[in-house]
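I open a fresh page for this one. My plan is to look at one chain overall, then at a domain boundary in another.

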Amino acid sequence: MISVAFDNLVPSYINKFDAYIPSKPDPELKKMFGCTTLYRLNNNENPLGPPRASREILRGFNPAQAAIYPSGDSYYLREKLAETHGVHPDQILVGNGANEVITFVINAFCEAGDNIITADKTFAVYEWVAIFSGYEARLVPLRDYAFDDEAMLRQVDRRSKILFVCNPNNPTGTYWNQDKLVRFLDRVDGRQIVVVDEAYCEFVEQDDFPDSLALMKRYPNLVIFRTFSKMYGLAGLRIGYLVGSMDVVNIIRKACVVYSVNTLAQEAAILAIDDREHVERTRRLVKLEKAYLRRAFDRLGLSYVINEGNFVMLKLPISDTLAYRKLMTRGVMVRTMTGFRFPNYIRITIAQHEAMEAFIKGLEHIL
Amino acid sequence: MQVQRGEIAVELDLLAHNLPVVMNVVEQSALVFGMPGRDALALTLAAEEVFNYLCVQTDVKESVRAVCKNGIYYVQIDFIFPRSNLDLRAFNLAADLDLEDDSQLEEMGLLIAARSVDRLFISDEPGQLMILTLYKEKSYPAMEDQAPRTVEERTRFFIKPPDNEDLKSFCQLAAASLTEAGELPPFMSYPGKFVDMIRSGEYDAALAFDERQAVAGGIVWRARARKTVEVYGPYLLAKAEGMPEALIEYCLEQTGRSEAVGVINRSGAADLGKQYFEELGTVVNYQADGMSRKTTAYYRQLCEDPGQRIWTHIDLLPYLQSEYQRLFLPRDLRVVSNMGEQSNRHSVFSAELGSKQAILRPLLSGEDTAANLTRHLQLLSREKIMNIFFEIDLGVAWHAGMVPALLERGFKPCLILPYAGQGDLLLMQFRAGDAQ
């Protein structure tokens with residue numbers, strides 16, 4: 001065997017980066033933890049699954065189509081999204097999940113020596129993509145569980161290219177309202193790209209949540225991320241998109257990988273968009289079960305963070321990772337929050353009542 | 001704060017006339033890396049003996065790559081060469097070489113090398129080049145004795161990464177405040193070394209400061225293995241509500257998104273923040289006066305347990321099953337058995353020696369494992385070392401093969417350290433009365 005000096009080939013920022021290891025598949029987890037059923041409350045998936053029309057598409061998929069490349073730029077989906085959002089189709093880029101569009105934006109605007117700014121306790125992928133692409137990720141502590149606008153602005157220097165705001169924030173569910181986002185965009189004054197990740201916007205119940213699509217007209221440096229993985233129950237197909245001004249999207253398109261979104265995902269997404277009943281049903285479930293959890297947590301004397309989104313965060317009097325292992329033996333999978341820099345917190349995805357009851361029973365048992 | 005570590009490498013044929021080159025490279029590298037002259041000479045002597053031995057024992061057509069690495073507080077030499085059937089038994093602390101026997105004289109060099117350095121490691125993986133690693137730490141002045149001080153109450157504190165002077169001050173204040181034996185890790189008795197350990201990037205620390213900017217507490221951590229972080233503290237030099245929890249949370253936030261799967265805390269200070277840790281088990285440390293002191297080891301996983309395969313001998317299976325069940329750690333236990341396959345003639349153990357305890361670790365398997373264990377036990381008993389541990393890596397199949405010999409000679413499993421090696425580490429403690 002020849003010897004390869006990998007160290008000479010690998011950039012130092014890759015050497016320093018630690019790979020993310022995802023969870024094993026459910027059957028392996030069940031075998032490992034000795035449970036027969038598994039309630040997945042860890043990934044903020046929609047327990048109701050995809051909207052009805054999307055299901056029909058999935059069921060009726062013609063296997064012969066698998067041999068044909070998909071539309072390379074999700075042509076019809078972009079047309080449908082454009083019609084829905086009142087923008088031009090070329091203002092939209094579709095990716096293999098929102099994770100891919102994060103990569104598009106960072107690659108489009110950053111070069112060696114640049115930095116991005118986001119929060120320390122938020123969705124980790126902004127930070128990860130920046131670091132393994134060789135850019136600095138400046139992490140600003142949350143303030144009262146929310147993105148701290150002033151502290152973020154203080155971190156800006158001439159090499160800052162993108163400010164990422166997760167709105168509502170995963171995992172705390174806090175959000176910036178219209179006034180706060182506008183104030184922030186005014187302060188940025190077009191000097192940086194502002195990305196507002198609205199992966200959970202369809203779950204928000206508050207009237208003052210920003211109409212970011214409308215703000216794009218005033219702020220051409222604003223880029224909005226949306227996903228079909230959460231409300232629309234298509235996480236397994238990996239599909240998300242970004243919307244921005246024509247100028248900003250034309251730049252991002254240069255760093256965009258085409259043909260990365262499969263045919264099934266594109267077609268299922270087109271039919272998901274119009275299903276208002278699915279959205280309403282999901283919202284009702286989330287509202288009802290959040291109230292159930294709130295009562296249960298109060299009864300158990302546990303402190304919690306319940307805001308917008310289809311998830312809640314709970315502070316435990318024991319290690320969150322130990323609680324994960326104990327709950328797994330009872331068939332309940334939650335998300336530990338140490339990796340989100342919230343030691344001893346767990347995040348629970350809102351699911352059907354049966355799953356919520358199993359979780360509370362499990363929690364009572366392990367505490 | 002991290003500084004450039006750097007390395008200097010040379011590749012040579014394994015021929016005796018290349019010896020001065022190796023010696024020069026090692027000595028000059030050590031000096032360039034800031035090692036004091038006496039330490040550099042000791043390391044050079046070890047390198048000389050190892051190179052000599054390789055020249056005599058291996059095919060002259062082979063070459064060796066010697067890599068000198070600046071670890072800031074230590075210098076490391078890696079000898080990298082094609083796998084061969086070298087007999088490295090002289091690396092054993094208890095090597096029983098016969099000085100009258102000319103055929104064993106060549107191995108004396110290895111014995112000298114082993115005793116000239118602080119640690120050595122052998123990597124001998126099938127399909128890979130063999131790596132023989134020597135570590136020598138730099139000498140640092142020890143801290144002067146500190147007059148005991150009272151731990152005072154503080155109303156406010158804040159936490160931040162420390163600078164060099166803060167770290168030295170932390171060592172001094174900790175030594176004055178925490179006077180019970182074994183409360184502080186030995187490296188904190190050498191403030192200069194402690195600073196260099198942090199500068200090397202291998203260790204990290206966070207300190208709490210009171211309103212007057214004085215050090216009020218601290219926590220230290222280091223990557224013990226690829227997947228484990230060892231945590232020392234929190235050490236409290238002032239009483240302030242919420243300070244231990246804040247220090248622990250700071251450490252967990254820093255390590256939470258790293259490659260590490262878990263943190264281990266054996267400093268005895270983790271009970272200050274019990275809600276963050278799980279109890280792994282307790283180790284009893286025996287003292288010369290007949291008294292004993294229990295140290296509880298704590299663990300905390302940083303991410304969701306990915307599970308792993310564990311190798312065990314059948315004699316250890318009930319213990320491991322029961323412990324893994326107690327700890328809620330999902331493990332796929334695989335039993336190894338000897339089916340007559342050939343082994344090396346001689347085993348090699350590394351020995352980490354303290355004044356009161358010794359930890360033996362297997363470096364190479366061999367037919368003489370049982371006899372080698374006996375020799376080590378005899379030597380350590382003569383040195384009046386009361387606490388003798390053997391650490392096996394449950395992720396390495398051949399380590400499990402040593403279990404019968406260990407049990408036979410009185411070692412008992414006492415502690416599992418999850419993910420602390422290639423797999424979990426099992427610590428076995430020797431109790432003379434338990435020998436079978």
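I checked burial in chain B first: 45% of its 436 residues count as buried. This is a predicted model, so I read every value as computed from it.

Next I looked at how contacts in chain B are spread along the sequence. I took contacts between residues at least 6 apart in sequence; 63% of them join residues at least 24 apart.

Then I listed secondary structure. Chain B has 10 helices and 21 strands. I asked how the radius of gyration of chain B stands against the globule rule. The radius is 23 Å, and the rule gives 22 Å for 436 residues. The two are close, so chain B is as compact as a globular protein of that length. I also took the extent of the C-alpha trace of chain B along its principal axes, which is about 70 × 50 × 45 Å.

I turned to chain A. It is divided into two parts: domain 1 covers 12–49 + 276–366, and domain 2 covers 52–272. Taken over C-alpha atoms, the centres of these domains of chain A are 24 Å apart. Domain 1 of chain A puts 28 residues into the contact, and domain 2 of chain A puts in 25 residues.

Which elements give two or more residues to the domain 1 side of this contact in chain A? I found α2 (12–16), α13 (276–300) and β10 (311–315) of chain A. The largest share of that side, five residues, comes from α13(A). Last, I sorted the domain 1 side in chain A by class: 14 nonpolar, nine polar and five charged residues.

Technical notes:
Residues numbered from 1 in each chain as written. Chains lettered and ligands numbered in written order. Predicted model: local features only at pLDDT ≥ 70, side-chain atom pairs only at ≥ 80, totals over all residues. Domains from an automatic or database assignment. Contact = placed C-beta atoms within 7 Å. Helix = DSSP H or I, 4+ residues; strand = E, 2+ residues; numbered from the N terminus. Nonpolar A, V, L, I, M, F, W, Y, C, P; charged D, E, K, R; others polar. Rg over C-alpha atoms; globule rule 2.2 N^0.38 Å. Buried ≥ 20, exposed ≤ 12 C-beta atoms within 10 Å, placed from the backbone.
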